[in-house]
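Student: I'm new to this one. Could you take me through a close look at the disulfide, and then show me what surrounds that picture?

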Amino acid sequence: MAVPAARRPVAAAVMVAVTFLAAVLFRRSAADVSADGSASPEAPHRRFEYKYSFKGPHLAQPDGSIPFWIHTGNAIPSADQVRITPSLRSQRGSVWTKNKVSFEHWEAEVTFRVSGRSRMGADGLAVWFTSAQGLDGPVYGATDLWNGVGIFFDSFDNDGKKNNPALLVVGNNGKLVYDHQNDGTTQALGTCLRDFRNKPYPVRAKITYYKKTLTVMINNGFTPDKEDYEFCTKVDNMVLPSEGFFGISAATGGLADDHDVLSFLLFRLTEPGQQPPPPESEIPKEEKDKYQEEFQNFQQELDKKKEEFQKEHPDVQGEPIEDLYESVNDREIRQIFEGQNRIHLEIKQLNRQLAMILDEQRRYVSVITDEIAKKGTNAESGQVGMLFIPQLSSVLATQQDVLRNLNELRNSFFESLKQIGSAQHQGQATGMGTYETIQHFNDIKEHLHTVKRDVEHLVQRNNPAEKVVKCPEVPPMPSCLSIVHFTIFIVVQSVLFFCYIMYKSQQEAAAKKFF
């Protein structure tokens, strides 16, 4: 389609305006995206608090206690876990921190297992943050009318609505009685359906309280990935006590499960840009004074023991204490000496074997020499002696070669022994590994290779007919079943089967005559 010449400038102006508006809109949208990205909240700073945590492998002390924690009821601490309740009926147990927690923001990671033999379990497990320790009570093994929050892992369906196992977040100001008949659904601030019983891997729950928002993430225990969390529930505008105790409790009823807690890790959360308070500021003044007094008493007792030791051992006074640990150079020298000693023992054993072989060869040479002398004196008695003389002479020459080679081997062994002795003497004198010691080791290695080659050559020379020893070949095994045998077997089996069918039909026909 053609455009008139008068309208071309107007069309060009319209295109320029549209392009300008598109560029302005694109720049504004890019600015909005960048502003949103810069305004995204930063992650808070996490600091691990060991005084309010526990985990294996050394979870419990030899006396059965948990550092910085107390356990009550039927709880059983062990080296790698805390069994809050065993799989017995009507059991209660709990563990609580000894000291109060005064963190404004915190995050707790709980790793646990709930396992039982039956299809349904009871009653469940609870994670607490309350202003007072609920050591024993009807709510999952803890007291009712609590002031704080409880995260309940309910495994029994009390209301019959088939909405269990489930996770509930229930808050209380110290005046509400827990609604057992409805599984606390009327009081729950947040809930999600999650099956946490009999999982292949431990179940993990991450509970975060940050800026008056409680978030619960759950790892269902289907994979070994510890960070495979999924969202469960979130409660906004939740006000918790400024100070409180953390606790874990569990209970069983008519049905029973093993409630095992493998770890409880607590982290203090600090807003970005704020410095966390130093650990010294967290210790109360009374505890700090107590620790200082204990340190001073220990220091005084240590000084007294030092004075008593100096009085009892005046000769040791002022002498430097020897280093109890082995240095790198000492360890290398010790390893070199141990290697030299092993080589020395091996060479001594080879020397003894060579001496025995020499004695045996000398005895053979003497016997052969006597036989040659006897044959020489009795040569006129027959021609048989003349036939054996060349053979005996060749055997005698071979034995002499063997003796000469063995003497050479023995001399080489003596040289190796001398070099090892000189290397050990130099190592003891200098106290450090040197280039000469390494050169001695190389010479010893070459001598041992030479001895090995000479021994192999000697064996091959003395036993030329036994160079290669092969195992006898196994005769080919006949086939387990030939075609003829197989055909005969099929025919016989078919005949027997036909006879059995005929016999069975005759029996049935005879039986029908009576009806």
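Tutor: Here is a walk through the disulfide, followed by the cores and the surface. Keep in mind that this is a predicted model, where local features need pLDDT of at least 70, side-chain atom pairs count only at pLDDT 80 or more, and totals for chains, interfaces and linings use all residues. Residues are numbered from 1 along each chain as its sequence is written, and side-chain values use heavy atoms, with hydrogens and water left out.

A disulfide is a covalent bond between the sulfur atoms of two cysteines. The working rule here is a pair of cysteine sulfur atoms within 2.5 Å, and by that rule the count is one disulfide. Cysteine 192 and cysteine 232 are the partners, with an S to S distance of 1.8 Å. They tie together distant parts of the chain, 40 residues apart: cysteine 192 sits in strand 10 (residues 188-193) and cysteine 232 in strand 13 (residues 230-235). Strands (E, at least two residues) and helices (H or I, at least four) are DSSP runs, numbered from the N terminus. The torsion about the S-S bond is about -80 degrees, so this disulfide is left-handed.

Is the pair buried or exposed? Cysteine 192 is buried at 8% relative accessible area, and cysteine 232 is buried at 8% too. Buried means under 20% relative accessible area, exposed means over 50%, and partly exposed is in between (1.4 Å probe, protein chains only). Cysteine 499, by contrast, is partly exposed at 43%.

Now for the nonpolar cores, which are sets of buried Ala, Val, Leu, Ile, Met, Phe, Trp, Tyr and Cys residues joined through side-chain atoms within 4.5 Å. The largest has 42 residues, and Phe54, Trp106, Phe153 and Phe264 have the most contacts inside it. Strand 6 (residues 106-115) gives this core its largest share, five residues. A second, separate core has 13 residues, including Leu168 and Phe245.

Zooming out, the protein chain has seven helices and 15 strands, and 31% of its 515 residues are buried. Contact means heavy atoms within 4.5 Å; among contacts with a separation of 6 or more, 69% are between residues 24 or more positions apart.

One last stop is helix 7 (residues 483-512), which holds leucine 496. That leucine 496 is exposed, at 57% relative accessibility.
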